Amino acid sequence: MSGHRFHDCTDPAVTAPLTASVRELPFLGTLTTTTAQLVAGELTEVVLRYTVGSSGIADSGWLKLCFKYYSDWDLQTTAPGERDYATAELVHRSDRGGAGPDSLATVGHLRTRYDVKGGERPFQKALLIHLEDGFLRPGDEIVIRLGDRRFGGPGTRVQTFVEDGFVFRLYADVLGTSRMGHAGDVALDVRPGPAARLVVAGPRVVRAGAVAPLRVHLEDSWGNAAVDSPAALRLSVGGEPEFGELPGTSWAAGEFELPAAPTGAYRAAVTATLPDGRVLTGSCPVDVVAELPGERAYFADLHVHSDDTVGTQDSAYNFAYGRRVGGLDVLGYTANDFQVTDAAWAATVALCREVTEEGRFVCLPGVEWCGNSAVGGDHNVIYLGADTGLARSLQWHDGMTSRVPVAEHWPITELYAAYAARPDDYLLMPHLGGRRAILDWHHPQLERLIEVHSAWGTGNWFLREAMQRGYRVGVSANSDEHRGRPGSGAPGATIFGGRGGGLTGVLAPELTRAAVGSTLRARRTWATTGTRAVALLRSGDQWMGDERARAGTELVVSYALYADAEWEQVTVYDTEGPVLHRDLHAEAGYAPGLVRVRWGGARHRDRYRWATWTGRIEIAGADLIAAEPWAASHQEQRIDRDGNRIDWAAATFGNDTGVVLRTDGDATEFRIATTIAEDAHTGEFTVTAGELAAGPVRRDFGGAGLHVTVERLSAAALPVTLTGELPVRLPDADSALYLHARQSDGHEVWTSPLFFTTA
């Protein structure tokens, strides 16, 4: 600028270097970080740096830093001293292109806001960064701190599950028009923490004379399979011990073969000795029975995503995890139909066929038909035959022909029409969802199972509604796994917080693709919230799922329940309501001074149904000795004790959680106050000893089963295996009978119904 207060741009010798200094920057800038690896669930500070590109950013422009919606990593921008506080600040004002001191960036402030739906699927979670009072120049630098610790906060809690190449994606609105351009990505590996527990997954029920696999793995405190954790294993099932080892690379997962054994109840106990000297233990019960349709109880997860659409890790990773770590016998892949490309679909179908090893592991291809609830809602489509042709709800994906929604098989009746000609080749399941399925529409030949539990939550109401409407469907529970852990999906800390992921029990005669497919369509299934329990219901030679004309009005129904904890409650329902209820605590006799307070349910039946509870319990008339969490989903659920007062904080997704209280005698009163954060709903009530003497006391709070229940417990050992018979008088109409039971650890199971017709 010598001699002038401007650059004389008539001279190429002046303009060329100025132009080059701007044009050498990528137009929309660059995003970088020095962090390469994180540990799942750790508290840390992550620092990202954005260098503005040659575009600059106009005044009123903005940025959004996005990550995938199924992550349970969250941010906030309002409480500097608390966890997950995120900030953005301009740390360098550039003079690239020859800007003078008065022409540097004029932006006065970067205003931040966190929005869980601020971006486009799957990068929906977004930190929004708005320019206020000015513009940015090429080469300006912005530092984004996630978990900014400069104000006394502890940092940010990383997502709780493992992911190779977790992506932060930055978009920039450089013209101030709110039309965003993709400015850059950074990818971080999220690794598991150290081994914290040993998980033993058995078949639970085996037919006499059959061998069965027993899978074991080490996992961290958040339920991720540990890696690089060698261990020496010892298995005892009553006879001579067997020995094995877990590998020092890849997943710390292994398998034993349980030998054929005579009928009886056994416990498989495993110890794992780690190089640091720690010894972890785990066990599972195994019942060998004389009669079972197949060699053992088979466990399936029929709703699994990979990174073909909105899952974590690729399909090969998920299928291997489901078999080796999750201990699945059957895995059902379900890509989102509106996002999976034809090429990805063809490759994954081929992989499903390739990894299937009949007698050991069956992998079934499928999709999630993703119509909105208004036109039917999510339905899983499992391909049992040779045809794997897609009947998409719509197209809306970068790799497809349209960037706006284009309807194809829409509404749900169009999906039915696509597969109605050969219904035996397919299995459709209304999904608890997500975009939850609406039961106004039904195709009995295609829809043979209904989902009662997934990572979205627990839906007893969903099955009851189907039965009341006259559906003849069996039960299924699945993970809807988006986090790369099929078969053993631990609950997320926020989204996908349903307990245990979900498993479908399959009463197949053999572990082959054909036998599994026909068994699923025959509805010979049970469902669990992730526990390896077995629930069987029959009447004579009629198994759950079977349908037959009734002979007379009276019959005897028998049930057999095999838990991996103790059973505490069993209820048999018909289409109108309960016909049998057993409270095993009451049957064993209540213990003095032993009370449980549990709370649960969901706010509504749609996607983001969870209820975030805080509460207080004050005890009068006795001294509190101990307070133990009950059915806690993860370590961030909080139970705090101060004398005779308990404070809690925990979210429920249709499930129950709670606290077990031990007092030095029977308390006279329990004063309880609760708040549900999302609706600012509060409630206060008192339960007296007299009320408890008459049985459990429940207070309902609306929504989809929101409640707080106070109940007495037994200190006696409750049964792990439970059998019984129930005489039933059938109504003079079509009817169905099914069973629901709960374990002492809060896990739940359902059987498919027995169906009886008058024709």
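**Exercise 1. In what order do the 5 strands of the open sheet that includes β41 and β50 stand, and in which sense do they pair?**

Before starting, some ground rules: this is a predicted model, where local features need pLDDT of at least 70, side-chain atom pairs count only at pLDDT 80 or more, and totals for chains, interfaces and linings use all residues. Residues are numbered from 1 along each chain as its sequence is written, and side-chain values use heavy atoms, with hydrogens and water left out.

Step 1. Get the strands: helices (H or I, at least four residues) and strands (E, at least two) are DSSP runs, numbered from the N terminus. Two strands pair if DSSP finds at least two bridges between them.

Step 2. Read off the order, which is β43-β46-β41-β50-β49, with antiparallel pairing.

Step 3. Look at the edges. β43 (624-630) and β49 each have a single partner strand, so one side of each is left without a neighbour in the sheet. From one strand to the next, the twist averages 15 degrees; here axes are lines fitted to C-alpha atoms, for helices over the stretch in contact, and angles run from 0 to 180 degrees between N-to-C directions.

Step 4. Zoom in on one pairing: β41 (residues 594-602) and β50 run antiparallel over 7 bridges. Arginine 598 has threonine 709 in β50 as its bridge partner.

**Exercise 2. Work out how strand β15 (residues 212-219) is surrounded.**

Step 1. Check burial, where buried means under 20% relative accessible area, exposed over 50% and partly exposed in between (1.4 Å probe, protein chains only). In β15, 8 of the 8 residues are buried, so the strand is largely enclosed by the rest of the structure.

Step 2. Sort the side chains by direction. In a regular strand they alternate between the two faces of the sheet. In β15, Ala212, Leu214, Val216 and Leu218 point one way, while Pro213, Arg215, His217 and Glu219 point the other way.

Step 3. Find the partners. β15 pairs antiparallel with β13 (residues 197-201) over 5 bridges, and arginine 197 stands opposite glutamate 219. On to β18 (residues 253-258): 6 bridges join this strand to β15, again antiparallel. Leucine 214 faces phenylalanine 256 there, and histidine 217 stands opposite alanine 253.

Step 4. Assemble the sheet: 3 strands, open, in the order β13-β15-β18. β13 and β18 stand at the edges with a single partner strand each, so one side of each is left without a neighbour in the sheet. Neighbouring strands are turned by 20 degrees against each other on average, direction ignored.

**Exercise 3. Classify two of the ring pairs, then look for charges over rings.**

Step 1. Set the cut-offs. Rings of Phe, Tyr and Trp (its six-membered ring) pair if their centres lie within 6.5 Å; planes under 30 degrees apart count as stacked, over 60 as edge-to-face and the rest as tilted. The whole structure gives 29 aromatic pairs.

Step 2. Take tyrosine 333 and tryptophan 345: at 6.4 Å centre to centre and 25 degrees between the planes, they are stacked. The pair links strand β22 (residues 330-333) to helix α3 (residues 342-355), with the two residues 12 apart. Both tyrosine 333 and tryptophan 345 are buried.

Step 3. Compare tryptophan 613 and phenylalanine 701, whose centres are 6.4 Å apart and whose planes are at 85 degrees, so this pair is edge-to-face. Tryptophan 613 is in β42 (residues 611-620) and phenylalanine 701 in the loop between β49 (697-700) and β50 (704-712), so the pair ties together parts 88 residues apart in sequence.

Step 4. Follow the links: Phe319, Tyr333, Trp345, Tyr383, Tyr419 and Tyr426 are joined by ring pairs into a cluster.

Step 5. Now the charges. One sits over a ring if NZ of Lys or CZ of Arg is within 6 Å of the ring centre and within 35 degrees of the ring normal. Lysine 64 does this over tyrosine 171, 5.7 Å from the ring centre, and arginine 538 over tryptophan 543, 4.1 Å from the ring centre.

**Exercise 4. Which residues does leucine 722 contact, leaving aside its neighbours within four places in sequence?**

Step 1. Place the residue: leucine 722 lies in strand β51 (residues 721-729) and is buried, with a relative accessible area of 6%.

Step 2. Apply the contact rule, heavy atoms within 4.5 Å. Leucine 722 then touches Tyr559, Ala560, Leu561, Trp567, Val570, Arg582 and Leu584.

Step 3. Check one backbone distance: the C-alpha atoms of leucine 722 and alanine 560 are separated by 5.8 Å, though their positions lie 162 residues apart along the chain.
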